[in-house]
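Student: Please take one strand of this protein and go through it closely. I would like its faces, its partners and some context on the whole chain.

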Amino acid sequence: MGSPYRRRARLLVAVTAVVTGAAAAVLVAAGAQAAAPGCRVDYRVTNQWQGGFGADVTVTNLGDPLTGWRLTWSYAAGQQVGQAWNATVTQSGSQVTAVNVGHNGALATGGSASFGFTASWAGSNPVPASFAVNGTTCTGGVAPTTPPTTPPTTPPTTPPTTPPTTSAWNPPANLVTPLNQVWQHQEQTYNNGNLYGFRNYGWDQVMANRGYLNFCVRWDSSASVTAAQRDQIHAALARQYKKWMDVMVGHNAWPYSEVPIRVVGWAVRDRAQLQWSDTSVDIYVNNIRENAPQCSEPCGRFFNQNGQYPNCPGGVARHYDQSLWLTDGFGGGAGGDWGQRMGREYFMNNINAANMTILLHEIGHTFGLDDFYDWTPSGVGGFIMKAGSASAITEFDTWMFRDWWRHLKSRYGY
Ligand SMILES: [Zn+2]
């Protein structure tokens with residue numbers, strides 16, 4: 001590879017065949033999801049203070065094995081859920097929905113998963129009367145631990161040690177040590193020890209745009225592309241990207257509820273490979289860099305890190321922040337502030353996969369996440385940034401990702 005792209009490129013020496021098999025298995029499992037004929041929920045208020053409380057919830061599957069679960073309940077007294085961990089919890093009016101995260105979705109018969117959250121209350125804090133899993137009411141018994149029915153007569157005079165709902169950073173306790181190890185390691189090794197001096201992380205790009213990302217597709221391939229394939233490639237890129245962006249929604253003052261992914265340009269060797277005539281994307285023909293087609297450098301963020309694009313014909317609107325670089329016969333992947341690279345065959349063969357593992361891993365690099373070839377943080381198992389150990393974003397990946405925002409957000413005024 002040529003010079004600019006060697007910067008911050010990391011190689012994922014992945015076994016493509018294994019990855020493909022895992023993705024296929026996920027697809028089959030997703031289609032086979034069935035309703036639970038039986039479930040039990042243990043809803044426990046673990047601590048309560050004036051205006052707030054913390055709760056732990058354990059879902060036990062008493063029916064057929066589940067590949068994913070969605071727990072719903074209703075609050076009768078105006079309680080409002082705030083931060084959650086080990087589940088994605090949303091609330092609409094009195095209705096609360098908790099959906100499994102990547103690592104705790106599979107529940108064998110008799111298996112259980114737990115998650116927690118903080119919430120607000122006023123007046124009273126009754127336990128929900130019933131729960132449902134995947135739409136089926138749990139009849140296996142709701143076993144709440146009754147919280148104090150009245151607020152403590154003497155409210156705590158000091159703030160509770162458990163942060164209330166405005167908490168900015170509340171990873172599960174068992175992840176605090178490994179997260180700190182990872183951050184310390186990154187601070188020591190990034191950009192020759194000057195992590196904060198680098199200004200082109202994916203974070204910088206999203207914030208410079210105020211909440212979107214533009215892409216160039218580098219079609220480093222002799223294959224032709226139909227308009228339908230073009231749109232599928234865009235959709236797959238957006239779908240995978242959303243998995244990372246969604247972990248930020250509502251977290252620690254992150255300002256965007258979504259980060260749209262736009263493809264503004266395609267670079268090819270021969271215009272005849274692209275089988276469309278509409279002008280929905282800019283097309284760059286035979287502009288060869290690093291032996292591969294590339295969109296115009298004056299339009300690229302990598303080459304214009306001040307965010308100004310005076311020589312890009314379409315201006316800021318047609319600039320690209322990252323490249324999706326698809327190369328015939330390329331094994332593994334590479335990722336950095338410039339974008340993500342992987343095999344054209346891998347991408348096209350996995351275009352509908354629930355988790356496109358190599359792409360997810362490389363996007364992690366775009367946002368600063370490290371590789372773990374030579375060490376593993378204490379007490380954590382498989383995760384997507386440790387190549388070959390997980391096929392989807394895990395809770396640990398989620399918190400490593402959020403940690404970047406925690407440490408960088410002040411540069412954007414948050
Ligand atoms: Zn890597």
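Tutor: What follows is a close look at strand E4, with the chain as background. This is a predicted model, in which local features need pLDDT of at least 70 and side-chain atom pairs count only at pLDDT 80 or more, while totals for chains, interfaces and linings use all residues. Residues are numbered from 1 along each chain as its sequence is written.

Strand E4 covers residues 70-74; strands (E, at least two residues) and helices (H or I, at least four) are DSSP runs numbered from the N terminus. Leu71 and Trp73 form the covered face of E4, and Arg70, Thr72 and Ser74 the uncovered one.

E4 pairs with two strands, where pairing requires that DSSP finds at least two bridges. With E7 (residues 95-100), E4 runs antiparallel and shares five bridges; here Arg70 stands opposite Val99. With E9 (residues 131-133), the pairing is also antiparallel, over three bridges, and Leu71 stands opposite Val133.

As for the whole protein, there are eight helices and 20 strands. Of its 414 residues, 37% count as buried, that is, with 20 or more other C-beta atoms, placed from the backbone, within 10 Å of their own.

The average pLDDT, the predictor's confidence in each residue from 0 to 100, is 84, and 84% of the residues score at least 70. Over residues 1-35, however, pLDDT stays under 50, as it does over residues 142-148. Where pLDDT is low, the predicted coordinates should not be read in detail.

Definitions and conventions: Two residues are in contact if their C-beta atoms, placed from the backbone, lie within 7 Å. A residue is buried if 20 or more other C-beta atoms lie within 10 Å of its own, exposed if 12 or fewer, and partly exposed in between; C-beta atoms are placed from the backbone.
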